[in-house]
Amino acid sequence: MVLGAALFGLGPPPQSSIWAVPGAVVSKGSAVTIFCRVPPGVTTVCLARLPPRTVWYDGTTQGAQEVFEFSLQNITQSKAGVYFCAYFNGSQWSRNSKNLELVMTGVYNEKPFLTADPGPQGISERNVTLLCHTHPSLDIFILCRGGNASFPQGCSRQDHGTFLISPGSPGHRRTYRCFGSHKHSSYLWSLPSDPLELSITESSTLDCRLENHIRLILAIVILLCLGSLLLDACNSRGSP
């Protein structure tokens with residue numbers, strides 16, 4: 001819902017932008033700073049957290065300020081959720097910014113563990129299955145790529161613990177972690193699993209290509225044999 005109303009039928013000012021540092025996935029008790037970027041000349045900026053209980057954080061300009069900081073200290077469960085920015089340009093409110101989903105980890109003490117099938121070392125270019133094992137009471141599984149998880153871009157969330165991924169090109173290494181959560185409190189996550197590093201080696205890629213070449217050659221040989229047998233059969237029928 002856009003804050004305020006446009007005057008005289010004119011559309012609202014453009015959206016502000018929003019982001020969090022060090023990221024949108026933070027551990028319990030840590031601090032995070034949410035930034036809102038607005039056009040020049042803005043007089044008031046609001047940061048809001050959506051229901052179940054809407055909370056407002058007001059900011060005022062200091063000179064020609066275009067980026068506003070909102071520091072949230074000692075992150076607790078009540079501070080996790082969906083945030084957005086809006087600003088007042090002296091005559092009307094802007095549209096709300098895109099939503100920022102702020103997630104807190106470490107809510108549940110059960111630490112999941114992450115495994116790969118096949119194993120994490122020397123995998124090929126084929127898809128790999130990652131299995132996130134969590135406490136039975138947790139019904140949401142989250143897989144994040146990279147050391148500093150950025151949600152939702154760097155994470156996948158689903159209702160089962162099997163994730164099918166593509167490991168990437170030869171020589172690349174990727175690190176994954178998984179979390180558990182509840183459907184009714186999806187912004188509160190468990191402790192992270194230990195990191196699992198996947199690497200794809202050049203040798204495994206060559207093995208995969210060699211295997212494909214062998215299959216192709218065998219297919220050609222079989223086709224040639226079938227063609228030869230068919231030709232012999234035709235010649236036999238045509239003989240007096």
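Guide: Let's settle one term up front: a disulfide is a pair of cysteine sulfur atoms within 2.5 Å. Also keep in mind that this is a predicted model.

Visitor: OK, by this rule, what does the count of disulfides come to?

Guide: Let's run the sulfur pairs past the 2.5 Å cut-off. C36 and C85 have their sulfur atoms 1.7 Å apart, C144 and C155 come out at 2.1 Å, and C132 and C178 at 2.3 Å. Each pair is within 2.5 Å and qualifies. By this rule, the count is 3.

Visitor: How many residues apart in sequence are the parts that C36 and C85 tie together?

Guide: The disulfide of C36 and C85 has -50° about its S-S bond, so it is left-handed. C36 sits in strand β3 and C85 in strand β7, so the link ties together parts whose separation in sequence is 49 residues.

Visitor: And what relative accessible area does C36 have?

Guide: Buried means under 20% relative accessible area. C85, its disulfide partner, is buried with a value of 0%. C36 is buried as well, and its relative accessible area is 0%.

Visitor: Is the disulfide of C132 and C178 left-handed or right-handed?

Guide: C132 and C178 are both buried, and their sulfurs are 2.3 Å apart. The torsion about the S-S bond is about 80°, so this disulfide is right-handed.

Visitor: Which strands do C132 and C178 lie in?

Guide: Again the torsion about the S-S bond of C132 and C178 is about 80°. The pair ties together parts 46 residues apart in sequence, because C132 lies in strand β10 and C178 in strand β14.

Visitor: What about C144 and C155: how many residues apart in sequence are the parts they tie together?

Guide: The torsion about their S-S bond is about 105°, so this disulfide is right-handed. C144 is in strand β11 (residues 140-145) and C155 in strand β12 (residues 155-158), so the parts tied together have a sequence separation of 11 residues.

Visitor: At what relative accessibility does C155 count as buried?

Guide: The limit for buried is under 20% relative accessible area. C144 counts as buried at 1%. C155 also counts as buried, and its relative accessibility is 10%.

Visitor: Counting bonded cysteines along the chain, what pattern do the disulfides follow?

Guide: C36 bonds to C85, C132 to C178, and C144 to C155. With the bonded cysteines counted along the chain, the pattern is 1-2, 3-6, 4-5.

Visitor: Which cysteine has the closest sulfur to that of C46?

Guide: C46 is buried, with a relative accessible area of 8%. A bond would need sulfurs within 2.5 Å. The closest cysteine sulfur to that of C46 is 9.3 Å away, too far for a bond, and it belongs to C85.

Visitor: On to packing: which strand gives the most to the largest nonpolar core?

Guide: That core has 26 residues, and I34, V45, L47 and Y83 touch the most other members. At least two core residues each come from β1 (17-21), β3 (32-37), β4 (44-49), β6 (67-72), β7 (81-88) and β8 (100-108). The top contribution is 5 residues, and it comes from β8.

Visitor: How many residues does the other core have?

Guide: Apart from the largest core lies another one, and its members include V128, C132, L143 and C178. Its residue count is 13.

Visitor: Which strands stand at the edges of the open sheet β9-β10-β13?

Guide: This open sheet has 3 strands with antiparallel pairing, in the order β9-β10-β13. A strand with a single partner has one side left without a neighbour in the sheet, so the edges belong to β9 (113-117) and β13 (162-165).

Visitor: Which residue in β13 stands opposite L130?

Guide: Strand β10 (residues 128-133) and β13 run antiparallel, joined by 4 bridges. The residue of β13 that L130 faces is F163.

Visitor: Last one: what percentage of the protein's residues is buried?

Guide: The secondary structure comes to 1 helix and 16 strands, and the protein exposes about 13,600 Å². Taking buried as under 20% relative accessible area, the share of the 240 residues that is buried is 37%.

How values were computed. Residues are numbered from 1 along each chain as its sequence is written. This is a predicted model: local features need pLDDT of at least 70, side-chain atom pairs count only at pLDDT 80 or more; totals for chains, interfaces and linings use all residues. Side-chain values use heavy atoms; hydrogens and water are left out. A nonpolar core is a set of buried Ala, Val, Leu, Ile, Met, Phe, Trp, Tyr and Cys residues joined through side-chain atoms within 4.5 Å. Buried means under 20% relative accessible area, exposed over 50%, partly exposed in between (1.4 Å probe, protein chains only). Two strands pair if DSSP finds at least two bridges between them. Accessible areas come from the Shrake-Rupley method with a 1.4 Å probe; for residues, only the protein chains shown count as cover.
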